[in-house]
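I opened my notebook to record what I looked up in this structure, entry by entry. I wanted to follow how a few helices and side chains are placed against each other.

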Amino acid sequence: LIYGWNSHDRITRTFLKNINCELPNLRVLITSPTVGTGVDVTCDIAGVFGYFPGNHLSPTAMLQQLARYRKAQAFGAVIPNMESSRPEAPEELLSRTRFKIQRTRALAGTTHDVSVTQGQITRLWASYTALHNRLSNRPLATFVALAEHEGFPIAWVAGRAEQEQANLKAAQAAQQQEDDTLTLTLTPISAEDMDFRRLNGQLAENDYLAHWRWKVEDTTGQTITPDLLTRYGTKPKLKALVRFTTYHCGGMSEAARLDRSEVSTVLPFKRAAATLNNTFLDGLLKAAFFEQGLQSTEEVPAAELERRITPYLDANRDIIRALDDQRTDYSPEYIPTFRRMLARYGIVLNYRQLRIDGQRVYVYSIDHKCLTVLMADAEQRWKFVQEKLSQNVESPPNIQDLRQPMQKGVPESPKKTPPEPIPAHIWTEGHNPNPFAGMKAGAA
């Protein structure tokens, strides 16, 4: 089995270097996409089967994963018939990128624009990404076209993908339950120890679960329990706790006093961006529940809630798009967007049906039972962070002091010449508005 955690250790590198000699000695080889380009399998094998349940790989990468086994007697692949809506227009990608640049400049308090060279590279990236998105938005159709172009005969098996998806979901649920039970019994392994074992080929079977236990305990500041693992047993849930800690416990004011090398202890993301995101959340809560914000116990009918939050969400669509990581498969509707923004901080929005004036309507409110637990966990995490800082940093430097030389007599770094401002036309002129003209559907 070759996957992310062991793909760089010595044993795996030696195996891949001599794969044509080693593979015939195995009955089964399982690899993740971490085995990328540069691996050419020319030995005889019975067959290769690719399982691509999501839209993580492009159709070109899917075909490459299969075609690297040159002498396989049989090929098979499961690819769901799904479509996505990543932007296919280079102009839209360019506009989004410029918004991110301007946002970063505003947060950094600088007036310098990107250089002409950077602008040209960005335009080239936008054209390439638009082409990549066009192929990846319809993975099944593109994969079939590419495979047929390479000479692979296609035989359809109706219903196979759906059945495989159901089997995988059931297997994942059973595996997750088994992993959770085992995680509670293992000795935690720190990140440094995990990296040492991985790079030296010393990973044992359950080391990843032991490391995950350490990650949960190190993030929450609590000894792991079944309830704690249920609340924060995934990366998105852990990130939500960190975000809520900065919002609820005033972590941003403390982070401003730390050096960049130490700020990761408090925040996993940029300080200025986190401040902006927390301000956005605060405004959103006040738009929905007025000054009471999170403390509100009001049950708001769906129509009234949508009326309250619509102006605020419309005015901050660019921020929402950035928080959604430019994903276009999320619902743009107002209440689903509101629920999604709260979920980034671990805040649960409850809903239920009531009969009002003879009609059944949905009403929404903050789940205070979950919020109480979340607040307690955030306060415990903040206390744990403060203890770590007191142990690692005797006296955190003031942010003004960070601009001074570390020692007397050490000259300050020479100031860099500001990059040449980029003309406005560089974003549009010379840019092919339709780089796909003349291209056949599914062509690489």
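**Two helices that cross**

I began with helices α9 and α11, and I noted that their crossing is left-handed. I kept in mind throughout that this is a predicted model.

I then looked up the geometry of the crossing, and found that the axes of α9, residues 207-220, and α11, residues 235-248, come within 10 Å and cross at roughly 15°. Because angles under 35 degrees count as roughly parallel, I wrote down α9 as roughly parallel to α11.

Next I asked myself which residues in α9 meet residues in α11. On the α9 side I listed Trp212, Lys215, Val216, Thr219 and Thr220, and on the α11 side Lys235, Leu238, Leu241 and Val242. Sorted by class, this contact of α9 with α11 has five nonpolar, two polar and two charged residues.

**Aromatic rings**

I turned to the aromatic pairs, and the count came to seven. One of them joins phenylalanine 244 and tyrosine 247, whose ring centres are 6.4 Å apart with 45° between the planes, so I entered the pair as tilted. These two residues are three apart in helix α11, which means that about one helical turn separates them.

Is each of the two buried or partly exposed? Phenylalanine 244 is buried, with a relative accessible area of 0%, whereas tyrosine 247 is partly exposed at 21%; I checked the second value with care, because buried means under 20%.

Tyrosine 247 also pairs with tyrosine 345, and here I noted an edge-to-face arrangement, with 6.1 Å from centre to centre and 70° between the planes. Tyrosine 247 lies in helix α11 and tyrosine 345 in the loop between α17 (334-343) and β6 (349-356), so the pair ties together parts that are 98 residues apart in sequence. Tyrosine 345 is buried, with a relative accessible area of 3%. I closed this entry by writing that ring pairs link Phe244, Tyr247 and Tyr345 into a cluster.

**Glutamate 306**

My last entry concerns glutamate 306, which lies in helix α15, residues 302-315, and which is partly exposed, with a relative accessible area of 33%. What does glutamate 306 touch, not counting residues up to four places away in sequence? I found Tyr334 and Ile335. For isoleucine 335 I also looked up the separation from glutamate 306: the two are 29 residues apart in sequence, and 6.3 Å apart in space, C-alpha to C-alpha.

Terms used:
Residues numbered from 1 in each chain as written. Predicted model: local features only at pLDDT ≥ 70, side-chain atom pairs only at ≥ 80, totals over all residues. Heavy atoms only, no water. Axes fitted to C-alpha atoms, helices over the stretch in contact; angles between N-to-C directions. Helix = DSSP H or I, 4+ residues; strand = E, 2+ residues; numbered from the N terminus. Parallel < 35°, antiparallel > 145°, perpendicular 65-115°, else oblique. Left-handed = near helix turned anticlockwise from the far one by under 90°. Contact = heavy atoms within 4.5 Å. Nonpolar A, V, L, I, M, F, W, Y, C, P; charged D, E, K, R; others polar. Phe/Tyr/Trp six-rings, centres within 6.5 Å; stacked < 30°, edge-to-face > 60°. Buried < 20%, exposed > 50% of the residue type's maximum accessible area, 1.4 Å probe, protein only.
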